[in-house]
Amino acid sequence: MPEPDHNMESGIKEIQLASFSLGDKLFAVDIMRIKEILSPQKISSLPRASDILDGVINLRGSVVPVMNMRTRFHMPARDDEKPGKLLILSLTRQTLALMVDDVLEVITIPVGDIKPGINSVADAGMEFVLGVCLSNERVYMILDIDSLLDLQDTLEL
């Protein structure tokens with residue numbers, strides 16, 4: 001039996017998304033999944049090199065893995081000295097910190113205005129995009145944050 005669509009049952013008509021930038025690209029995540037936004041912290045390296053994680057931070061006694069979103073989307077490193085921001089997210093299995101260029105604004109989007117993601121194999125990282133939306137004439141890619149770390153990545157932690 002198919003899973004019920006909770007958005008339809010609860011009558012949610014709008015969703016609030018926190019937006020962030022990576023270069024000139026705009027992304028958004030469900031604001032309900034964000035625990036906090038931090039300035040960069042000292043990142044401790046992992047015992048074994050990871051393709052997707054820069055390391056871990058100590059967040060009030062909890063060890064939280066840090067994922068550089070530029071690396072995840074196969075983008076070049078920043079060429080300026082600006083420190084960026086850490087988005088602390090609550091995933092299904094754990095907490096994850098996303099290193100982004102900048103955290104922008106909270107946007108409110110009608111659920112019906114969210115379009116399916118573009119499944120283009122050519123665009124690295126598009127497998128993590130749930131959908132796209134427009135706000136103030138700008139296009140935001142909405143991330144499926146639970147897909148950023150697959151089960152194998154979680155087990156390695």
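Trainee: Hello! I would like to learn how to read strand pairing. Which residue in strand 2 is the bridge partner of leucine 22?

Mentor: Welcome! Please keep in mind that this is a predicted model. The partner you are after is lysine 25, which belongs to strand 2. Now step back to the strands themselves: strand 1 covers residues 14–22 and strand 2 covers residues 25–30, and six bridges pair them in the antiparallel sense.

Trainee: What sheet do these strands belong to, and in what order do its strands lie?

Mentor: To read a sheet, follow the strands from one side to the other. Here you find an open sheet of six strands with mixed pairing, in the order 8-1-2-11-10-9. Its edges are strand 8 (102–110) and strand 9 (115–116), each of which pairs on one side only.

Trainee: How many strands does the protein chain have, and how many helices?

Mentor: There are 11 strands and three helices. Walking along the sequence, you meet them in the pattern α-β-β-β-β-β-α-β-β-β-β-β-β-α.

Trainee: What is the strand order in the open sheet of five strands?

Mentor: That sheet reads 3-6-7-5-4, again with mixed pairing. Strand 3 (34–38) and strand 4 (53–59) have a single partner strand each, so one side of each is left without a neighbour in the sheet. From one strand to the next, the twist averages 30°.

Trainee: How do strand 3 and strand 6 run relative to each other, parallel or antiparallel?

Mentor: They run antiparallel, and four bridges join strand 3 to strand 6, which spans residues 85–90. For a landmark, look at isoleucine 37, which stands opposite leucine 87 in strand 6.

Trainee: Let me try burial next. Is leucine 89 buried or exposed?

Mentor: Compare the relative accessibility with the cut-off: under 20% is buried. Leucine 89, a residue of strand 6, has 0% relative accessibility and therefore counts as buried. Beyond the residues up to four places away in sequence, leucine 89 touches Val29, Arg33, Ile34, Gln94, Thr95, Leu96, Leu98 and Ile145. Distance in sequence and distance in space are worth reading side by side: leucine 89 and glutamate 36 are 53 residues apart in sequence, yet 7.4 Å apart in space from C-alpha to C-alpha.

Trainee: Where does aspartate 101 lie?

Mentor: Look in the loop between strand 7 (95–100) and strand 8. Aspartate 101 has 12% relative accessibility, so this loop residue counts as buried.

Trainee: What does aspartate 101 touch?

Mentor: Setting aside residues up to four places away in sequence, its contacts are Ser21, Leu22, Gly23, Arg70, Arg78, Gly84 and Lys85. You will recognise Leu22 from your opening question. With arginine 70, the side chain of aspartate 101 makes a polar contact of 2.8 Å. Proline 83 lies 18 residues from aspartate 101 in sequence and 7.6 Å away, C-alpha to C-alpha.

Trainee: Which residues are in contact with serine 135, apart from its neighbours within four places in sequence?

Mentor: They are Ile107, Ile109 and Tyr140. Serine 135 is part of strand 10 (residues 129–135), and its relative accessibility of 12% is why it counts as buried.

Trainee: Finally, what percentage of the residues in the protein chain are buried?

Mentor: Of the 157 residues, 39% are buried. The chain exposes about 9,600 Å², with carbon and sulfur atoms supplying 52% of that area. Among contacts with a separation of 6 or more, 57% link residues 24 or more positions apart.

Technical notes. Residues numbered from 1 in each chain as written. Predicted model: local features only at pLDDT ≥ 70, side-chain atom pairs only at ≥ 80, totals over all residues. Heavy atoms only, no water. Pairing = 2+ DSSP bridges. Helix = DSSP H or I, 4+ residues; strand = E, 2+ residues; numbered from the N terminus. Axes fitted to C-alpha atoms, helices over the stretch in contact; angles between N-to-C directions. Buried < 20%, exposed > 50% of the residue type's maximum accessible area, 1.4 Å probe, protein only. Contact = heavy atoms within 4.5 Å. Areas by Shrake-Rupley, 256 points an atom, 1.4 Å probe, with all protein chains shown as cover. Polar contact = N/O pair within 3.5 Å; in protein donor to acceptor, adjacent residues only side chain to side chain.
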